[in-house]
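Biologist: I am new to this one. Could you take me through it and show me how each label is earned?

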Amino acid sequence: MITYEEIVDFAVNLPYGSYDKPFEGDFYTTVLRRKDNNKWFGIVLKAPAHYFERYGVDAEKEREVLNLKCPPDLQEFLRQKYPKGVFPSYHMNKRLWISVVTGEEIEKDEVKALIKLSYDFTASGKKPKEEV
């Protein structure tokens, strides 16, 4: 399992990694963003219990999820490997994003590898701008 703090710490230690809380009045939802192109590579948020029911998973309360960009051909493999831990993305494009339940069966190192994959997936083909 990986914690919110570990997710944010890992993200900000990637080159150009940063985070913010862009939604007014929402002090929890956290966007992981690249400083070089301002693209999102992740978002930590709460998904309601009813979201998981459609995938055959009973959830008594909302759950923290980490939404990550993920190549479509990898998504099905991850959902089969982690039937209680990886879902089509909550509140995002389900073709390009997955939701990883942070308190479930996925080991910390694998979540970090998925964060890095999403980070790399959102890189632009351009040379990063120099920070001032």
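Modeller: We will go from a single residue to the strands and then to the cores. Keep in mind that this is a predicted model.

Biologist: Why is Q75 called buried?

Modeller: Buried means under 20% relative accessible area. Q75 has 4%, so Q75 is buried. Q75 lies in helix α3, residues 72–81.

Biologist: What makes the link between Q75 and C70 a polar contact?

Modeller: The cut-off is 3.5 Å between N or O atoms. A polar atom of the Q75 side chain lies 3.0 Å from the backbone oxygen of C70. That falls within the cut-off, so the pair fits on distance. Beyond four places in sequence, Q75 is also in contact with K94, R95, L96, W97 and I98.

Biologist: How do you know that β3 and β4 pair?

Modeller: Pairing needs at least two bridges. β3 and β4 have six, so they pair, in the antiparallel sense. One of the bridges joins G42 to L68 in β4.

Biologist: What joins β4 to β6?

Modeller: Five bridges, again with at least two needed, so these strands pair as well. They run antiparallel. L66 has V100 as its bridge partner in β6.

Biologist: What makes β4 mostly covered?

Modeller: Six of its seven residues are buried.

Biologist: Which residues have the most contacts inside the largest nonpolar core?

Modeller: L66, V100 and I115, in a core of 22 residues. α1, β3, β4, β6 and α4 each supply at least two of its residues. Apart from it lies another core, of 13 residues, including V57 and Y90.

Technical notes:
Residues are numbered from 1 along each chain as its sequence is written. This is a predicted model: local features need pLDDT of at least 70, side-chain atom pairs count only at pLDDT 80 or more; totals for chains, interfaces and linings use all residues. Side-chain values use heavy atoms; hydrogens and water are left out. A nonpolar core is a set of buried Ala, Val, Leu, Ile, Met, Phe, Trp, Tyr and Cys residues joined through side-chain atoms within 4.5 Å. Buried means under 20% relative accessible area, exposed over 50%, partly exposed in between (1.4 Å probe, protein chains only). Helices (H or I, at least four residues) and strands (E, at least two) are DSSP runs, numbered from the N terminus. A polar contact is a pair of N or O atoms within 3.5 Å; within protein, one must be able to donate a hydrogen and the other to accept it, and residues adjacent in sequence count only if both atoms are side-chain atoms. Contact means heavy atoms within 4.5 Å.
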